[in-house]
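Me: I'd like to go through this model with you, starting from a strand pairing. Could you first set out the term we need?

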Amino acid sequence: MLPDEARREIGLEILSGESGAAALDRYAGRIDAEIVRLHAAARPPGQAVALAALGGYGRRHLCPYSDIDLLILFGGPVGDAEERFLRRLLHPLWDAGFIVGHQVRDRDDVARLEADNPEFLLALSDARLVAGDSMLFEEALAAFRTPRVRAHVFTALERLIDTRHAQFNETLYQLEPDLKEAPGGLRDVSAARTLAALTDGALLDRGEDAGRLAQAEDFLLRLRSLVHLERRRNDNVLGHEIQEKLAGLLGYAGASARQRVEALMAEYFGRARAVARVLDRARRGAPVPVAENLGRTRDGIGFIDAPKAAAQPETWLAAFQSALDAGVSVSDGTLDAIRRHVDRFAVGDVLPTARHRAALLRFLAPRQGLYARLSEMHDCGLLGRIIPPFQAITCRVIRDFYHKYTVDEHTLQAIRNLERLAVESEPRHRFATLLRELESPELLVLALLLHDVGKWRDEDHAEESVRMAEALLDGLDVSGVPKDTILFLIRHHLRMSQVAFRRDTEDPEIVREFSALVGSEERLKLLCLMTLADVAAVGPGTLSKWNEDLLWRLYVDTYNYLTVQYGDDLIERTQAAAAECVARRPADLDAGEVAAFLEGLPRRYLQVFDRHAIYHHVRLARDIHPDEVHLRLEPAESVWELTLVTLDKPMLFASICGVLSSFGMDILRGHAMTNPNGLVLDVFQFTDAERFLALNPGAPDIVLHALEDVVAGRSTAIDRLRGRQSGLRRRRPAGDPPVARVDGGASRKYTVLEIVAPDTPGLLYRISHAIAARDCAIDLVLISTEGQTAIDVFHITKDGAKLTPADQRALTGDLQHMLEDNE
Amino acid sequence: MKLLKAIIRPNKVDDVKDALAKLNISGMTVTEVRGHGKQKGHTAIYRGKEYNVSLLPKMQVEVVVTNTIAEEAILAIVEAARTGEIGDGRVFVLPVEQSYRIRTGERDL
């Protein structure tokens, strides 16, 4: 086919009154046929190849001198055979006088589409297969259709439109307009259509937009084609001279050339204005794709295809999650749609799989906007569908002197108080710090959602709330420790305020009792924050600074008891919790075995480990002999957990820490406990900072063997750490100066050593080594890491007794020196 | 008439209220206050660091009584609010010249 001949035909067709779009469609069809022929003649290489038309050619609006934009997509890497194929395909086109803009990509390029240049991605939105492998082509388009890539292209398109319009001073009223690039030109027509394709297919169906756009496009295509033919090149500017010529050729009315030009340009400006208006409306109304069938508009996050979403309740939570992520509301239309259909579905329809239920928990993490999204969810009936007990307190009125809101709003306000702590540290900085330290803050929100559901009855609402929550939590896959924690929080949500505000917290017995109830620092933080959020949600000003101080004071006293004073409270056989643990043991464990294991360990042990873990520890302790260690190493969510039972010996704790450090492990949390018979139970949680365990299949066994060797005395931690020490110390930590504080009075049996220092690799090893170097025995250890700060509490003795003041000073000096040297 | 102004531990308000009720004294004003007397606050330790709690939370109970039962009321407050430890608080006794009921304009004798 000769291009000049084909181009001449377009001109004749247009001047004879033919539609511009139809003429160009025929022209594109002829090019297609030529490419199909050349593709076959070029003998495609062995691998899959697809030839796709892009841009105006893809839309079948190929103007006479426009570039023929071709995407040549290969299934694999491009080598010599592919290069030869490209030459055989492209050279004949160039020789014939066509201007070909070609892009060569392989399958891997398409897999990383969002990293590609925006112009290419936009061109791809009009891609049309001309020849070759349709599967390969569909695969590329599927990658293009993901919400992430569409959102990326959408943003890029918006930016390109703004940049292009700025080049024309953002006005379409140009005396010599560029028919393609100017505002209201062909690029804007294409942009409006692309916006619709990327977001909402029905975007242009409003009113007469689609019809006006099609008419304007046809007009512009006719003009552009004639300009091309007059200029014999890809020139799109409708200059003065050509205006005069085209006005005559197209038969515009007027006695003079000037009048005919004015008639032509009047029509041009009318058409361009129509395009600009349609594009503007599309830009305002187009939902930015954020997730499957979800888009963001100025009204917020909404379903793109509402009828489809109405039948898919499992997609509803995603709308609220996307709104939370984007910091906007869920659109009124979407809330209305959910409101209309929510009664048709049960909780199992909304949260049908474990993945959906896990998504709900993630959604509940306190952050900016959570209160607003939960309120929307409540308002449209979805919250009551997901958490049925919540329905029981909707608009529930409890008349008392204090509460200012209905029970449901009080609950949501309590969550709002947590959200405020998460967003702005001041003015409740100390409580905000606690919130940041929580391992699973979403459990606190779930507990708050449920804490007052029992108020649908007038009796003891906390117990009723617990009863209602139990069944719900099972349905949400919340079990084990998280479930126990939530039920604990609900059952005791009034307890901390009662103790803080109404009991004498200077009485050590009151603090001891409260500590026994709470059991662990994590639960204490949760209950403290729950109390704060709950009291502050009763009404404005209910939580005064005065109350805050009382609450904080009880928190600190209890925290100190749990971390510094717990060593004196030991498990006795007759203790109810121990007896229950023995009574409910599994069949493979003997009653005496369990009781002997428990006796003499700190009572804290029964509160921080559930029965399943305790029985596992008992099994590990079976038949343990001196110099032996029984171990278990397993992944636990984002960390690794090492459980270790052995018999006590000098330097033991330091050696174990040293081995873990030698593999680059960073110990985050843990407990080390010793019973009066010298049985040692250590549980460490650590990160595999150097990915030794992750990258080496046999690595867990290597770590375990190294621990066995060190405990048995076959090697030492110092040997293993040689060469690593200097490297570890070079890493300068950030944060407050380190503190090493010895308390000789907190415990009857132990000297308590508290270390608060910037977390560095090997820190725990160096501390425990310094303690052992002073001939002190480490009996109990609590290890925690809050952000970048390590907080470790050691209960130590020397020759079976507390340290003398002189020993305390010497040890403190060693540690302070070591910690400061570490900085 | 006397105005008894008692600064007491927060957890002792109910005990003081009950003790005064036994003397048929029911009207009182309770205010959350912060301050220190001989107790002068204390040093608390949190995560190895000391910090000063200079102003302690206290409750201020104000009650106006006739001269005839003032002594008895003071004793009741002291007994109810006492723990024997530093920080139990103080009772101040102030003379009251006149008192009027706002609703009726009636003057108390």
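Reply: Two strands are said to pair if DSSP finds at least two bridges between them, and I should add at once that this is a predicted model.

Me: OK, so which residue is the bridge partner of T674(A) in β11(A)?
Reply: The partner of T674(A) is V680(A), and the strands concerned, β10 (residues 665–674) and β11 of chain A, run antiparallel and are joined by nine bridges.

Me: And how many residues lie between β10(A) and β11(A) in the hairpin?
Reply: Four residues separate β10(A) from β11(A), and in that turn G678(A) has a positive phi of about 85°.

Me: What about β9(A) and β11(A), how many bridges there?
Reply: Strand β9 (residues 639–647) of chain A pairs with β11 (residues 679–688) over eight bridges in the antiparallel sense, with W640(A) bridged to F686(A).

Me: Switching to helices, what is the reach of α12(A) from first C-alpha to last?
Reply: Helix α12(A), which covers residues 257–285, reaches 42 Å, close to the 42 Å expected for its 29 residues at 1.5 Å a residue.

Me: What covers its buried residues?
Reply: The cover includes α9 (186–198), α10 (209–231) and α11 (240–249) of chain A, while the buried residues of α12(A) include L264(A), Y268(A), R271(A) and V275(A).

Me: Zooming out, why is chain A called more spread out than a compact globule?
Reply: Chain A has 40 helices and 15 strands, and its radius of gyration is 37 Å, well over the 28 Å that the globule rule gives for 823 residues, so the chain is more spread out than a compact globule. Its C-alpha atoms fill a box of roughly 115 × 70 × 50 Å along the principal axes.

Definitions and conventions
Residues are numbered from 1 along each chain as its sequence is written. Chains are lettered from A and ligands numbered from 1 in the order in which they are written. This is a predicted model: local features need pLDDT of at least 70, side-chain atom pairs count only at pLDDT 80 or more; totals for chains, interfaces and linings use all residues. Helices (H or I, at least four residues) and strands (E, at least two) are DSSP runs, numbered from the N terminus. The radius of gyration is taken over C-alpha atoms; the globule rule is 2.2 Å times the number of residues to the power 0.38. The expected span of a helix is 1.5 Å times one less than its number of residues. A residue is buried if 20 or more other C-beta atoms lie within 10 Å of its own, exposed if 12 or fewer, and partly exposed in between; C-beta atoms are placed from the backbone. Two residues are in contact if their C-beta atoms, placed from the backbone, lie within 7 Å.
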